[in-house]
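I sat down with this structure today and kept a short notebook as I went. Here are my entries, in the order I made them.

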Amino acid sequence: MTKECDICSRPVLEQCSLCEYHAEAKHSLEWAFAAWKRAYGIGWEEYLEKVVGEENLGDWAREVVVYLIEQNDS
Ligand SMILES: [Zn+2]
């Protein structure tokens, strides 16, 4: 049985709960977070809250951020 992405319904990559597009977006967010963490000393959740308000955030990335924030809340 093929698993589906937690965000959209595309098939997921192996060992992952996200499709290639959302996994790629999440990877980019994690890279960007490393820089934010160095520069501002903020935590992951605080970072997510900040980037979700960024106007130039891409659609894929925004969906991932919203998904991650919901996961943190639960
Ligand atoms: Zn997806």
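**Entry 1: an odd backbone angle.** A reminder to myself before starting: this is a predicted model. I began with Gln15, which lies in the segment before α1. I looked up its backbone and found a positive phi of about 60°, although Gln15 is not a glycine. That caught my eye, since most residues other than glycine have a negative phi. Is Gln15 buried or exposed? I got 82% relative accessibility, and the cut-off for exposed is over 50%, so Gln15 counts as exposed.

**Entry 2: the zinc site.** Next I asked which protein atoms hold the zinc ion as donors. I found Cys5 (SG), Cys8 (SG), Cys19 (SG) and His22 (ND1), at 2.0 to 2.3 Å from the metal. Along the chain these donors follow the spacing C-x2-C-x10-C-x2-H. Cys5 and Cys19 both sit in the segment before α1, so this pair ties together parts that are 14 residues apart in sequence. I then checked the geometry: the angles among the four donor atoms run from 104 to 116°, and the site is tetrahedral. For my own reference, the ideal angle for four tetrahedral donors is 109.5 degrees. I also looked up accessibility for two of the cysteines. Cys5 counts as buried at 5% relative accessibility, and Cys19 is buried too, with a relative accessible area of 1%.

**Entry 3: Arg10.** I moved on to Arg10, which is also in the segment before α1. At 36% relative accessibility, Arg10 counts as partly exposed. What does Arg10 touch, leaving out residues up to four places away in sequence? My list reads Lys3, Glu4, Cys5, Cys19, Tyr21 and Trp60, and two of those names, Cys5 and Cys19, are zinc donors from my previous entry. I noted the spacing to Glu20 as well: Arg10 and Glu20 are 10 residues apart in sequence, with 8.7 Å between their C-alpha atoms.

**Entry 4: α1 against α2.** How do these two helices cross? Their axes come within 11 Å and cross at roughly 110°, which makes α1 roughly perpendicular to α2. I wrote down who meets whom: Leu29, Glu30, Ala32, Phe33 and Trp36 from α1 meet Trp44, Tyr47, Lys50 and Val51 from α2.

**Entry 5: α3.** Last, I looked at α3, residues 59–73. The helix has 15 residues and reaches 21 Å from its first C-alpha to its last, close to the 21 Å expected. Its buried residues are Ala61, Val64, Val65, Tyr67, Leu68 and Ile69. What covers them includes α1 (20–40) and α2 (44–51).

How values were computed:
Residues numbered from 1 in each chain as written. Predicted model: local features only at pLDDT ≥ 70, side-chain atom pairs only at ≥ 80, totals over all residues. Heavy atoms only, no water. Helix = DSSP H or I, 4+ residues; strand = E, 2+ residues; numbered from the N terminus. Expected span 1.5 Å × (residues − 1). Buried < 20%, exposed > 50% of the residue type's maximum accessible area, 1.4 Å probe, protein only. Contact = heavy atoms within 4.5 Å. Donors = N, O, S within 2.8 Å, 3.2 Å for Na, K, Ca; no water. Tetrahedral: all angles 85-135°; square planar, octahedral: opposite > 155°, others 65-115°. Axes fitted to C-alpha atoms, helices over the stretch in contact; angles between N-to-C directions. Parallel < 35°, antiparallel > 145°, perpendicular 65-115°, else oblique.
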